[in-house]
Amino acid sequence: MGFFANRSNKIIEKEIVNASFSGKLHETSINWEAFKKYSQIHDGKTQQGAIGAENISFEMFTKGIEVKVYAMKNKADETVTLIVKNLVDFENEADYFLDVL
């Protein structure tokens with residue numbers, strides 16, 4: 001059982017790294033339930049999105065960089081779409097929007 005969990009975690013981490021380089025929505029074939037288990041390691045928070053789909057967000061280190069990971073459940077096939085941002089960039093954008101508002 002542990003072997004499959006470790007293998008699944010490595011696949012998820014690889015997809016998070018790939019998403020961090022793309023800077024946009026990153027479609028994956030990761031199963032939603034497997035991703036939910038992985039997010040619990042990083043204290044992921046599950047919430048309902050605007051269109052009723054589940055979302056998860058958490059922070060983690062990847063390749064020595066702290067990132068913010070957003071995952072959205074694809075209702076059609078129960079896979080995951082990722083958005084990964086550098087945490088410093090994310091905080092700067094949040095500060096900018098707070099100043100504008």
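Lys-73 pairs up with Glu-78 in a salt bridge, with the closest N and O atoms 4.0 Å apart. Glu-78 counts as partly exposed because its relative accessible area is 37%. The pairing doesn't stop there: salt bridges that share partners join Lys-36, Glu-54, Lys-73 and Glu-78 into one network. Keep in mind that this is a predicted model.

**The charged pairs**

In total, the structure holds four salt bridges. Three of them are set out here.

| Salt bridge | N to O distance |
|---|---|
| Glu-54 and Lys-73 | 3.7 Å |
| Lys-68 and Glu-59 | 3.8 Å |
| Lys-73 and Glu-78 | 4.0 Å |

Take the side chains of Glu-54 and Lys-73, which meet at 3.7 Å. Glu-54 sits in strand β3 (residues 54-62) and Lys-73 in strand β4 (residues 65-73), so this pair ties together parts that are 19 residues apart in sequence. Are these two partners buried or exposed? Glu-54 has 18% relative accessibility, so it counts as buried. Lys-73 counts as buried too, at 19%.

Now for the Lys-68 and Glu-59 bridge. Lys-68 is buried, with a relative accessibility of 14%, whereas Glu-59 is partly exposed at 37%.

**A buried glutamate with no salt bridge**

Glu-15 is worth a look of its own. You'll find it in helix α1, which covers residues 2-22. Glu-15 is buried but takes part in no salt bridge. How far away is the nearest side chain of opposite charge? That side chain belongs to Lys-14, and it is 6.3 Å off. A salt bridge here needs the nitrogen and the carboxyl oxygen within 4 Å, so a gap like that doesn't qualify.

What does the Glu-15 side chain make a polar contact with? Its partner is the side chain of His-26, at 2.6 Å. If you set aside neighbours within four places in sequence, Glu-15 is in contact with His-26, Thr-28, Ile-30 and Leu-82.

Ile-30 turns up again with another helix α1 residue, Ile-11. The C-alpha atoms of Ile-11 and Ile-30 are 8.2 Å apart in space, with their positions 19 residues apart in sequence. Ile-11 counts as partly exposed because its relative accessibility is 41%.

**The aromatic side**

There are three aromatic pairs in the count. One of them, Phe-35 with Tyr-38, is tilted: the ring centres are 6.2 Å apart and the planes make an angle of 45 degrees. Both residues belong to helix α2 (residues 32-41), where they are three residues apart, or about one turn of the helix. Phe-35 and Tyr-38 are both buried. Add Phe-58 and you have one aromatic cluster made of Phe-35, Tyr-38 and Phe-58.

**The whole chain**

Stepping back, the protein has three helices and five strands. Along the sequence they run in the order α-β-α-β-β-β-β-α. Of the 101 residues, 33% are buried. Looking at contacts between residues at least 6 apart in sequence, 35% join residues at least 24 apart. As for the surface, the protein exposes about 6,900 Å², and carbon and sulfur atoms supply 55% of that.

Methods. Residues are numbered from 1 along each chain as its sequence is written. This is a predicted model: local features need pLDDT of at least 70, side-chain atom pairs count only at pLDDT 80 or more; totals for chains, interfaces and linings use all residues. Side-chain values use heavy atoms; hydrogens and water are left out. Helices (H or I, at least four residues) and strands (E, at least two) are DSSP runs, numbered from the N terminus. Buried means under 20% relative accessible area, exposed over 50%, partly exposed in between (1.4 Å probe, protein chains only). Lys and Arg count as positive and Asp and Glu as negative; His and the chain ends are not counted. A polar contact is a pair of N or O atoms within 3.5 Å; within protein, one must be able to donate a hydrogen and the other to accept it, and residues adjacent in sequence count only if both atoms are side-chain atoms. Contact means heavy atoms within 4.5 Å. Accessible areas come from the Shrake-Rupley method with a 1.4 Å probe; for residues, only the protein chains shown count as cover. Rings of Phe, Tyr and Trp (its six-membered ring) pair if their centres lie within 6.5 Å; planes under 30 degrees apart count as stacked, over 60 as edge-to-face and the rest as tilted.
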